[in-house]
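Visitor: I'd love a close look at a single part of this structure. Could you walk me through the place where the two chains meet?

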Number of protein chains: 2
Amino acid sequence: MSAMEELDRQIVDLLVRDGRMSYTDLGKATGLSTSAVHQRVRRLEQRGVIRGYAAVVDPEAVGLPLTAFISVKPFDPSAPDDIADRLSGVPEIEACHSVAGDENYILKVRVATPLELEDLLGRLRALAHVATRTTVVLSTPYEARPPRV
Amino acid sequence: MSAMEELDRQIVDLLVRDGRMSYTDLGKATGLSTSAVHQRVRRLEQRGVIRGYAAVVDPEAVGLPLTAFISVKPFDPSAPDDIADRLSGVPEIEACHSVAGDENYILKVRVATPLELEDLLGRLRALAHVATRTTVVLSTPYEARPPRV
DNA sequence: CCTGAAAGGCCTGCCGG
DNA sequence: CCGGCAGGCCTTTCAGG
C-alpha cells in the first residue's frame with residue numbers, strides 16, 4: 001500500500017485477523033471513536049483495500065479433503081490465451097495464477113476424491129485445450145495466514 | 001462434509017460469501033429464527049467447520065504486489081523433516097503445503113519487490129537447509145474463490 | 001478528519017415448546 | 001432443536017469543530 005498510514009494499517013491488520021470485530025472494539029484498539037473507525041473502514045472498502053469479508057472454513061469439514069496444484073500449458077502456444085476465461089466457470093478451481101516459467105498457469109483446486117480429480121483433469125484439458133501437470137497436496141501445515149500488512 | 005445437512009451447508013455458504021452477515025439476515029435467508037441460526041453457527045464454529053472470519057484484502061493495496069510459489073526440497077533427504085516448523089516464523093509465507101512429487105513442499109509467498117524475494121530465498125535456504133525452485137506469479141485472474149460447499 | 005449523541009437495529013441469553 | 005422475547009450493546013447517521 002502506497003498511501004496507507006499507520007491507523008489504516010492497524011485497522012486492516014485487526015480485520016484480517018478477525019473479520020467480525022465490531023467498530024466499537026476496533027475503536028478501543030486504535031484509540032479512535034466508533035464513527036471515525038467506521039469512516040476509515042468504509043474508505044478502505046471503497047478504495048478496494050478491503051475486498052470483502054469471508055468465513056474461513058475447514059476444507060475437509062465441507063467434504064473437499066483433496067487439494068492439488070495443477071500447472072497448465074496450452075497445446076497450441078500460438079493460440080490466443082483465453083484459458084483463464086474458459087476455466088472461470090469450473091467450481092473446483094479456487095485460484096488461478098498466470099505465472100512465469102515453463103507453464104502458463106497454476107491452478108489450485110479442491111475435490112472430494114481422486115476420482116473427482118481425474119474427472120476434473122479431463123474437463124480442464126477439454127475445456128481449455130491444455131496439457132496439465134498435477135501436484136497433489138498431502139498435508140497443509142498452514143494456509144491463508146494473514147499477510148503481515 | 002460428512003454429517004452436514006442442507007441448512008448448515010447453506011449457512012456456511014452464505015458466511016463464506018459474506019463473513020459479516022448478521023444472524024438476523026442469515027435467518028431470513030434460511031427461514032430460521034435468529035436464535036436457531038446463532039446456535040447452528042456456534043456449533044459450526046466449535047466443530048471447526050468454520051475456523052474464523054477474515055477481511056480479504058488486496059495484496060497490492062497493502063504493499064505486497066509480488067506473489068511467488070516456491071518449491072522446496074531438503075539438501076539432505078535423510079534428515080528428519082522439520083522444514084514446516086523451521087519456516088513457520090517467516091511472515092512472507094502465506095501458505096505451506098506438503099506435496100507429493102519431486103519436491104517436498106510448496107510455499108506461497110508475498111513480498112514487495114524482487115529484491116525482497118531474493119533475500120527471502122536466501123533466508124529460506126539457510127533456515128531450512130533446502131534447495132528452492134521459484135515460480136513468479138505474473139497476474140492472478142482469480143483467487144480465494146469460495147469453495148462450492 | 002475527528003468527536004459525540006441519538007435512534008434504530010442487532011446480539012445474546014433465557015425460557016417455553 | 002426451534003421460536004420468542006427483553007435488555008444491553010452496536011451500528012449508522014448527522015451536526016459541529
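Visitor: To begin with, what is the count of salt bridges between chain B and chain A?

Guide: Happy to help. This is a predicted model, so local features need pLDDT of at least 70 and side-chain atom pairs count only at pLDDT 80 or more, while totals for chains, interfaces and linings use all residues; side-chain values use heavy atoms, with hydrogens and water left out. Residues are numbered from 1 along each chain as its sequence is written, with chains lettered from A and ligands numbered from 1 in the order in which they are written.

Between chain B and chain A the count is 2 salt bridges, each being a side-chain nitrogen of Lys or Arg within 4 Å of a carboxyl oxygen of Asp or Glu. Arg51(A) forms a salt bridge with Asp58(B), and their closest N and O atoms are 3.3 Å apart. There are also 43 residue pairs in polar contact between the chains, both residues at pLDDT 80 or more. A polar contact is a pair of N or O atoms within 3.5 Å; within protein, one must be able to donate a hydrogen and the other to accept it, and residues adjacent in sequence count only if both atoms are side-chain atoms.

On the side of chain B that touches chain A, β5(B) gives the most, with 9 residues. Strands (E, at least two residues) and helices (H or I, at least four) are DSSP runs, numbered from the N terminus. That side of chain B divides into 38 nonpolar, 11 polar and 12 charged residues. Here Ala, Val, Leu, Ile, Met, Phe, Trp, Tyr, Cys and Pro count as nonpolar, Asp, Glu, Lys and Arg as charged, and the others, Gly among them, as polar.

In all, 61 residues from chain B and 62 residues from chain A take part in the contact, meaning heavy atoms within 4.5 Å. The two chains bury about 5200 Å² between them, 58% of it on carbon and sulfur atoms. Buried area is the accessible area (1.4 Å probe) that two parts lose on being put together, summed over both.

Now for the strands. β1 (residues 50–57) of chain A pairs with β1(B) in the antiparallel sense over 7 bridges, where pairing requires that DSSP finds at least two bridges between two strands. Ile50(A) stands opposite Val57(B) in that pairing partner, β1(B). Elsewhere, strand β5 (residues 130–142) of chain A runs antiparallel to β3(B), joined by 3 bridges, and Tyr142(A) has Cys96(B) as its bridge partner in β3(B). Both chains also contribute to a closed barrel of 8 strands with antiparallel pairing, running β2(A)-β4(A)-β3(A)-β5(B)-β2(B)-β4(B)-β3(B)-β5(A).
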